[in-house]
Amino acid sequence: MKTNRRDFVKQLGIVSASTAAVPHFNIIKSLNDNKIRIATIGMGIQGFQDTKAALRTDMCELVAAADLYDGRLAHVKETFGNHVFTTRDYREVLERKDVDAVLIVTPDHWHDRISMAALKKGKHVYCEKPMVQNIEEGAAVIAAAKAAGKVMQVGSQRISGAAFQEAKRLVEAGDIGNINFIESTNDRFNAIGAWQYSIPTDASPKTIDWETFLGDAPKRAFDPVRFFRWRNYRDYGTGVAGDLFVHLITGVHFVTGSLGPSRIYSSGQLSYWKDGRDVPDVMVASMEYPAQGKFDAFQMVLRVNFANAGSIKNVTRIVGNEGEITFGGDSLTLTKRKLPAAPGYGNGESFGTFSDAQQKEYLAAYDAKYPADSRTPEPVKEVKFDAPQGDDAHKNHFANFFEGIKDNKPVIEGPLFGFRAAAPVLACNKSYFEKKVVKWDAKNLKLLP
Ligand SMILES: NC(=O)c1ccc[n+]([C@@H]2O[C@H](COP(=O)([O-])OP(=O)(O)OC[C@H]3O[C@@H](n4cnc5c(N)ncnc54)[C@H](O)[C@@H]3O)[C@@H](O)[C@H]2O)c1
């Protein structure tokens, strides 16, 4: 964090602040605000979104940005001002003494390396989801954050929205009883939704640092499609699981406090978007969450279909034995439904097949056992919760990160939590490509044989 105004003035050897106040007014004002100085590494689609969300907190200022495509560096200056230092080389950003925290918003294959390098250089880290690209990379990042004693926040920002906070409250209050099933579908039917993002006409080895982009991925000739649509390739991304499932799993872990599933299986295929990608466009995953704390075991089923030409009715719902929570944008609906104690009898079951005498006897016993008030279900109750106007999950997520830095307190999605959310989705990929059930020890962060 910055030095405060008095230190700054002392450093300058200025006796009276008022004499220096005019030319340095802006600098001094911002120092006085004690803002955290951030730099964004990876200024693509989400890099811009993250930076803007961070700035909306009014707790930080952007001092630098790194990216591998010159057009995006130019757009940084167009968007945030000429004063922002820009470079292709993220290491130059990490060397800067005026950077307190970095936002790591590169493709997934760079997350672990830049996070660890930044932590080592004493920077606080906000790293986009999924925290790492491979399960094997998680422990080292967690250890690096611990060793550095710096704050690390992982970027599944939706849990910082009012809807997820409300869901947590409802689940903890027992409003839906015991959770037994969670499902989420994320279907799409359009090219952009299927990650065929725009490629600029000036993309070339001159405007893009292709060698650096590859990082620890296999060497190959310059390919702007891979650079701008990296999600479609295993070398750089984490497929639909890492891109989409991770948000829901983060939400579920936040709401239930669960550490993660014990068994993960996924299947799928590449159905429609055969544009050279090597990840599936249809994927279904099933995860078994063991009983934990006050929660019983539950099952989770996730689906993505990028080629759903049918009607698309995406749902995300948490189902319990006394109700369910369904999410919709910034809102959620709680539906409460409780079974009566009396099971009922009649058509479509065995009662009508009993002898007349047995039916009479059965009824007498039933009446004795179930008084009238135990026979009718409680009326279904539906409660809709809308996030308060202006609720900004993305901004809240950054505010939480910055408060963590200022007050030295834990954040909502630290590296241990972030990795526990990432590992099951990375296990989905493992399951899909290796065609097997993956066993995961979420407590000890270990794959099991
Ligand atoms: N939290 C969310 O809701 C959300 C939404 C979208 C993306 N994301 C995540 O954000 C990350 C980026 O996704 P995107 O859609 O913005 O991708 P993008 O391709 O639009 O941007 C990535 C940028 O990173 C740059 N880059 C790559 N390697 C670099 C390196 N070594 N040093 C500096 N810059 C480098 C590229 O030049 C590119 O401009 C991914 O991890 C993705 O999963 C999160």
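Pro130 sits in the loop between β5 and α8, and a good place to start a tour of this predicted model is the bond just before that proline. Lys129 and Pro130 are joined by a cis peptide bond, with omega at about -15 degrees. Another backbone oddity turns up at Trp195, which has a positive phi of about 70 degrees even though it isn't a glycine. You'll find Trp195 in the loop between β7 (179-185) and α10.

Now for the overall layout. The domain assignment splits the chain into domain 1, covering 5-159, and domain 2, pieced together from 162-339, 377-391 and 415-448. Their C-alpha centres are 27 Å apart. Where the domains touch, domain 1 puts in 27 residues and domain 2 puts in 34 residues. On the domain 1 side, α5 (70-80), α8 and β6 are the elements that give two or more residues. Helix α8 has the largest share there, with five residues. That side of domain 1 comes out as 15 nonpolar, six polar and six charged residues.

Next, the sheet. Six strands make an open sheet with parallel pairing, in the order β3-β2-β1-β4-β5-β6. Which strands stand at the edges? They are β3 (85-87) and β6 (152-155); each has a single partner strand, so one side of each is left without a neighbour in the sheet. From one strand to the next, the twist averages 20 degrees. Zooming in on one pair, β1 (residues 36-41) and β4 (residues 101-104) run parallel and are joined by four bridges. Ile38 stands opposite Ala101 in β4. A helix lies over this sheet too: α14 (residues 393-407) goes across β1, β2 (60-66), β4, β5 (124-128) and β6, and runs at about 170 degrees to β6.

Back to α8 for a moment. Two packed helices are described by the angle between their axes and the distance between the axes. Helix α8 (residues 138-148) packs with α15 (residues 415-434) at about 170 degrees, and their axes are 9 Å apart. Angles over 145 degrees count as roughly antiparallel, so that is how α8 runs relative to α15. From α8, the contact uses Gly138, Val141, Ile142 and Ala145, while α15 brings Pro415, Leu416, Phe419, Ala422 and Ala423. Eight of the residues in this contact are nonpolar, one is polar and none is charged.

Finally, the ligand. Which residues come nearest to it? Of the 27 residues around the ligand, the answer is Gly42, Gly44, Gln46, Leu68 and Glu128. Both domains take part, as domain 1 and domain 2 each give at least three residues to the shell. Helices α4 (45-56) and α10 (210-214) each supply at least two residues, and the largest share, three residues, comes from α4.

Here is how three groups of residues divide by type:

| Group | Nonpolar | Polar | Charged |
|---|---|---|---|
| Shell around the ligand | twelve residues | nine residues | six residues |
| Side of domain 1 that touches domain 2 | 15 residues | six residues | six residues |
| Contact of α8 with α15 | eight residues | one residue | no residues |

Key
Residues are numbered from 1 along each chain as its sequence is written. This is a predicted model: local features need pLDDT of at least 70, side-chain atom pairs count only at pLDDT 80 or more; totals for chains, interfaces and linings use all residues. Axes are lines fitted to C-alpha atoms, for helices over the stretch in contact, and angles run from 0 to 180 degrees between N-to-C directions. Angles under 35 degrees count as roughly parallel, over 145 as roughly antiparallel, 65 to 115 as roughly perpendicular and the rest as oblique. Two residues are in contact if their C-beta atoms, placed from the backbone, lie within 7 Å. Ala, Val, Leu, Ile, Met, Phe, Trp, Tyr, Cys and Pro count as nonpolar, Asp, Glu, Lys and Arg as charged, and the others, Gly among them, as polar. A residue is near a molecule or strand if its C-beta atom, placed from the backbone, lies within 6 Å of it. Domain bounds come from an automatic or database domain assignment. Two strands pair if DSSP finds at least two bridges between them.
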